[in-house]
Amino acid sequence: MHCKKKRRELLIFAGYPEDYTNVKYHCSDCEDTGFTQFGECDCLKRELARITIESSGIGGLVTEQSFENFDLKYYATSQKEYESMKKNLDFLKTYVEKFNDSTSTSLLFVGATGLGKTHLSTAMATGIIYKGYDVIYDTAQNILSDFEDERFRKDNLNESKGYLTKKYFTCDLLIIDDLGTELTNTFTLSVLYNLINTRVNSKKPMIISTNLMSKELNQRYDQRITSRLLGAFEPILFHGKDIRMQKLN
Ligand SMILES: [Zn+2]
């Protein structure tokens, strides 16, 4: 009580309104306006990033999977694996730092399940979203079913073509997880080729991860797709022992 009175007196004495210290902004940099003299405040950028993350498809994975909690100890089963993974990690961190939506190269993550492909692609998505880019992240299966819905649904004849799938062509970075686990048919193969080819031609980066090695890719996809994947993407190889199995032991 005494203390409060004293503070009020001091504030008035110093020429401030007596409730001056009661004003609590969430962000003191911009006083919650979202803008400072330098433009958009960091708090606004963070809020926009949060919204982008929610709509990007990574959602709940974000807090769990980051570069910070990517643990190289699971690759220490051999010196060679450890070093190769450390090199990947450094390369991918730099990729995020220098990301540019028209000059960054597309990446193909290749390796068996449980070796951190999803973890690292999620970490990258988050990092790149925080830089202000528009990132879409989903499995091949989900992406292709959007194309199928759009193609085969009868009730949307009046809706503009591409309302579900345009984002896959236009986003700054498209991350396709688990290529090779989707159901394939003539339609999905032609969609996949069109999507990959269109983005490659317009120099829009993608990160595609797959459990399939090049021989299996060749068996599963026609040559137009594999020559794109093997020719226009930089391969990032994941070696090691299944991390989920290691954690169980
Ligand atoms: Zn602010």
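1. In this predicted model, strand β3, which covers residues 106-110, and strand β7 pair in the parallel sense over five bridges. Within this pairing of the two strands, V110 stands opposite L237 in β7.

2. The sheet to which these strands belong is an open one, formed by five strands in the order β4-β5-β6-β3-β7, and the pairing is parallel. Its edge strands are β4, residues 135-139, and β7, residues 233-237, each of which pairs on one side only. From one strand to the next, the twist averages 15 degrees. As general background, the strands of a sheet pair through backbone hydrogen bonds, in either a parallel or an antiparallel manner.

3. Helix α6, made up of residues 140-152, lies across β4 and β5, the latter spanning residues 173-179, and the helix runs at about 100 degrees to β4.

4. Turning to the backbone, a reader may wish to look at E31, which has a positive phi of about 50 degrees although it is not a glycine. E31 is found in the loop between α1, residues 2-13, and β1, residues 35-36. E31 counts as partly exposed because 13 other C-beta atoms lie within 10 Å, where a count of 20 or more would make a residue buried and 12 or fewer would make it exposed.

5. D32 also deserves a look, since this residue, although not a glycine, has a positive phi of about 65 degrees. D32 lies in the loop between α1 and β1, and with 13 C-beta neighbours inside 10 Å D32 is therefore classed as partly exposed.

How values were computed:
Residues numbered from 1 in each chain as written. Predicted model: local features only at pLDDT ≥ 70, side-chain atom pairs only at ≥ 80, totals over all residues. Helix = DSSP H or I, 4+ residues; strand = E, 2+ residues; numbered from the N terminus. Pairing = 2+ DSSP bridges. Axes fitted to C-alpha atoms, helices over the stretch in contact; angles between N-to-C directions. Contact = placed C-beta atoms within 7 Å.
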